[in-house]
Amino acid sequence: MQTEQTLLEQLNDNQRQAVVYCDGPQLVIAGAGSGKTRVLTYKIAYLLVHYDLKPWNILALTFTNKAANEMKGRISGLVGDERGRSLQMGTFHSIFSRILRVEAATLGFSSDFTIYDEADSRSLIKSICKQMGLDDKTYKPSTVHAAISMAKNRLQMPDDYAADGDSLERDRRRNMAETHKIYRAYQSRLRLANAMDFDDLLVYTYLLLNQNEEIRRKYAARFQYVLVDEYQDTNYVQQQILWLLTRDVRRICVVGDDYQSIYAFRGAKIDNILNFQKVYADAQLFKLERNYRSTKLIVAAANSLMKHNERQIPKEVYSENENGEKVKVMETISDKREAAIVCREIKRIRQQEKCRWSDFAILYRTNAQSRLFEEEMRKSEVAMGDKYRVYGGLSFYQRKEIKDVIAYLRLVVNPNDEEAFRRIVNYPARGIGDTTLAKVLDCAQQQETSLWEVISNPVQYQLLVNKGTATKLLNFRALIDGFVAQREESDALTLARDIIEKSGIKADLATDRTAEGDSRRENLDSLISGIADFVQAQREDGQEEHVLLTDYLANVSLMTDQDSDDSSDDKVTLMTIHAAKGLEFGTVFIVGLEENIFPSQMSVGSMRELEEERRLLYVAITRAEKHCYLTWAHTRWRFGKMDGFVNASRFLNDIAPKYLDVQVEGGRGSGGHSSYGETWGGNSHGSYRPWEDDYEINKPYTGSREWGNDYGRRSGRMQNSRPVAGQFMADPKPKITSPRQAEQAVNPFSPSFEKMLRQGGRWTKVEHAVTNGGRTSGSGQRTSAPSGASSGSSYASSGSSGLHPGSVVEHQRFGRGVVVKVEGVGENAKATVDFDATGRKQLLLKFAKLRIVG
Ligand SMILES: Nc1ncnc2c1ncn2[C@@H]1O[C@H](COP(=O)(O)OP(=O)(O)OP(=O)(O)O)[C@@H](O)[C@H]1O
């Protein structure tokens with residue numbers, strides 16, 4: 001246990017001031033890496049030691065359960081286990097779901113309500129659309145759910161929504177005019193199922209506190225001090241709940257960084273942090289600006305990026321660490337090369353600095369981008385197949401076999417749970433088909449009751465099924481009833497084991513002798529181990545003898561993205577930037593810095609969204625301690641074809657060039673200050689000369705160019721206007737998976753592929769795409785005319801046609817030059833060109849697209 005004195009000694013001046021100020025509302029703006037967690041942890045310890053507050057009177061809200069557990073552990077270390085354990089600390093959802101269970105009756109729910117996850121919500125919407133006769137291609141469940149979720153985030157209930165002209169108009173424009181009716185049906189089905197979705201946990205907490213003054217006072221009095229982490233990512237409802245809880249005593253401390261607000265797509269409102277001092281007029285502002293994590297140059301680069309955002313609280317984050325090296329920008333010819341180069345760099349740095357695999361992270365905008373890196377790592381010559389871990393994709397709890405068992409557990413706890421019922425009523429198969437289920441559903445709808453009620457009283461609800469089906473339904477009911485009866489005596493572990501056995505799931509899985517079947521059985525074992533762990537942990541925490549299923553389910557359903565992260569492995573991390581929030585790594589690669597990927601296509605039309613994308617890049621850069629790389633590729637495969645309109649991300653132009661060391665594939669960087677250009681071009685790598693084989697024939701490019709100006713010009717004038725599908729949006733719920741099997745990908749430079757292109761006549765289109773930086777079409781037409789280019793110019797094709805000594809040509813990177821010699825034919829056609837700025841080069845025409853300008 002530490003004394004107040006020793007606690008405060010571990011903080012810098014600004015951190016200490018933020019910790020000891022407890023007289024009223026407080027806003028702590030904490031720059032990246034400035035010790036936000038430390039301040040929160042120590043402040044709570046200080047409240048316990050100096051003010052002798054009782055731990056249950058302190059409410060601390062975090063972004064993930066993991067963060068809460070870590071903080072609890074650290075506080076216990078400072079002030080002792082007993083006090084640490086009793087703190088009210090967790091995510092908004094987990095803390096408020098506990099309150100809702102206690103107060104459920106006031107809201108007309110029973111305390112055993114189920115929490116529907118995203119998949120449940122979508123499945124329910126799908127079922128409603130089906131019943132309403134709406135096409136689920138027009139009314140995509142995910143889109144409808146997003147609309148409902150956003151409405152809830154605005155505290156707009158079905159009646160408000162139906163009366164809101166703007167919402168109705170927007171839905172009409174999207175051909176989804178019936179959304180308000182779906183919303184109404186959705187809310188009523190949730191209620192019949194005694195279920196709440198994630199958003200409801202907040203909405204009902206708000207309604208509970210707002211409509212019941214006595215209850216509000218009770219909790220306002222209980223939570224004498226409220227602390228909130230990551231305040232920049234709170235939404236409107238969360239802010240409203242906090243106001244209800246703190247408006248009397250106003251002892252609230254919010255910590256956050258407006259620069260790191262990246263969850264607007266989930267409803268987060270940066271205005272909460274920007275306007276905190278308006279809402280709490282007497283709030284004191286504290287700024288933590290010293291970054292302990294990164295080198296000076298990384299911090300400076302990140303700051304320079306943020307100068308381009310208008311909406312912000314001004315701050316000057318600084319570092320007292322060493323200068324370090326500039327942020328490296330790597331421009332590669334293709335997405336495959338990008339992956340190859342990143343892997344090579346990881347190996348080089350690891351060997352040079354004797355660091356661990358886990359010191360590296362590859363961060364991308366969307367989950368789909370991980371595939372190429374996985375493929376590269378799995379190549380035998382790269383041999384990193386077991387050295388990486390992908391976070392994303394299907395989480396453990398989303399796997400079918402796990403969802404099946406959880407559905408049984410849910411139904412036992414809350415037999416009215418419609419989604420659980422529908423999932424398992426005929427799993428394992430017991431002869432209750434879709435037609436029967438549809439009848440039960442219709443009956444429940446007409447009688448405004450749950451599916452369970454209908455099968456419990458089929459006669460009363462006039463369920464019209466034949467005798468055989470009625471018996472099957474009764475048997476199912478008896479099976480579940482048996483577990484319900486057992487629920488009070490058995491703990492969660494025993495009950496889960498019994499359910500797997502008696503429901504027939506175990507027998508069903510036993511029949512599957514495939515590798516897939518093995519993995520399903522292993523997953524079930526793992527689920528059981530998880531339940532055993534939970535039961536054990538609860539007992540160690542002094543919970544009662546029987547750890548109830550309700551507690552386990554509440555815990556599982558509120559797991560957040562990062563909660564199952566086991567970062568103890570020594571592996572390279574591959575994850576989206578959203579998932580990397582709050583983490584730090586020695587070396588960070590931020591990949592795919594291209595227009596329409598980062599920033600995403602969805603954001604480029606709106607200033608606010610662009611600013612959010614810029615903040616996302618800020619978050620990514622500030623994860624790096626020592627080395628930070630920004631990479632982009634001239635060509636990228638998407639949706640099974642090469643995207644030949646790739647431009648560098650406009651954000652590269654936002655970072656002050658003096659903090660960047662630009663490396664162009666095949667040549668030295670523009671910075672000229674780094675020795676890195678040498679190794680990159682291939683000189684000091686000995687045998688590794690990446691470009692000579694597949695791109696430029698002669699020596700690597702050794703010239704320089706003005707990165708900043710060039711990108712400004714290019715991204716400005718050659719915007720890609722093609723739509724990009726949702727696959728490239730941020731995955732709102734990144735999940736952890738093991739490395740997955742390599743998928744088949746087409747290698748743009750493989751012999752067979754080239755042959756295919758030549759034969760299929762797509763070659764011209766693709767080869768233009770390779771290097772002409774945004775101009776389109778096989779005929780050499782451009783979608784937008786680059787400034788200074790003559791409108792009559794044409795491209796040299798894969799052969800040498802059109803090119804002859806004396807031709808004046810333009811190359812995207814080397815600039816203008818005069819052709820000296822043309823030799824070879826077809827595939828092997830080469831040209832020797834004297835470039836004004838960069839000297840003589842010999843180029844393979846099939847790759848080095850030259851535009852003939854004179
Ligand atoms: N006063 C201090 N003295 C030494 N190290 C510190 C101090 N405060 C924080 N640190 C260290 O700085 C690093 C960053 O701290 P922390 O993770 O709390 O930052 P953060 O503000 O939460 O960062 P971010 O918002 O970027 O995720 C940690 O390694 C932490 O131990």
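Is threonine 37 buried, exposed or partly exposed? The exercises below start from this residue.

The model is predicted, so local features need pLDDT of at least 70 and side-chain atom pairs count only at pLDDT 80 or more, while totals for chains, interfaces and linings use all residues. Residues are numbered from 1 along each chain as its sequence is written, and side-chain values use heavy atoms, with hydrogens and water left out.

**Exercise 1. Classify threonine 37 and threonine 587 by accessibility, and list their contacts.**

Step 1. Buried means under 20% relative accessible area, exposed means over 50%, and partly exposed lies in between (1.4 Å probe, protein chains only).

Step 2. Threonine 37 has a relative accessible area of 32%, and is therefore partly exposed. Threonine 37 is part of helix H3; helices (H or I, at least four residues) and strands (E, at least two) are DSSP runs numbered from the N terminus.

Step 3. Not counting residues up to four places away in sequence, threonine 37 touches Met71 and Arg74, where contact means heavy atoms within 4.5 Å.

Step 4. Threonine 587 belongs to strand E15 (residues 585-590). Its relative accessible area is 3%, so threonine 587 is buried. Beyond residues up to four places away in sequence, threonine 587 touches Ile349, Asp359, Phe360, Ala361, His627 and Tyr629.

**Exercise 2. Place the annotated binding site in the structure.**

Step 1. In an unreviewed entry, UniProt lists Ala30, Gly31, Ala32, Gly33, Ser34, Gly35, Lys36 and Thr37 for "binding site". UniProt positions follow the numbering used here, feature names are shortened, and annotations may be inferred rather than shown by experiment.

Step 2. Glycine 35 lies in the loop between strand E1 (26-30) and helix H3 (36-49). With residues up to four places away in sequence left out, glycine 35 touches Gln15 and Leu288.

Step 3. Alanine 30 has leucine 288 in E8 as its bridge partner.

**Exercise 3. Describe the sheet that contains E1.**

Step 1. Two strands pair if DSSP finds at least two bridges between them. The open sheet has 6 strands in the order E3-E2-E6-E7-E1-E8, with parallel pairing.

Step 2. Strand E3 (88-91) and strand E8 (284-288) are at the edges; each has a single partner strand, so one side of each is left without a neighbour in the sheet.

Step 3. From one strand to the next, the twist averages 15°; angles run from 0 to 180 degrees between N-to-C directions, and axes are lines fitted to C-alpha atoms, for helices over the stretch in contact. E1 and E8 run parallel and are joined by 5 bridges.

Step 4. Helix H4 (residues 65-79) packs on the sheet, touching strand E2 (58-62) and E3, and its direction makes about 155° with that of E3. Helix H14 (residues 236-246) also packs on the sheet, touching E2, strand E6 (225-228) and strand E7 (252-256); the direction of H14 makes about 160° with that of E6.

**Exercise 4. Trace the pairing of strands E21, E22 and E23.**

Step 1. Strand E21 (residues 815-823) and strand E22 (residues 830-835) run antiparallel, joined by 6 bridges. Valine 822 has alanine 831 of E22 as its bridge partner.

Step 2. E22 is likewise joined by 6 bridges to strand E23 (residues 839-844), and the two run antiparallel. Here valine 833 stands opposite lysine 841 in E23.
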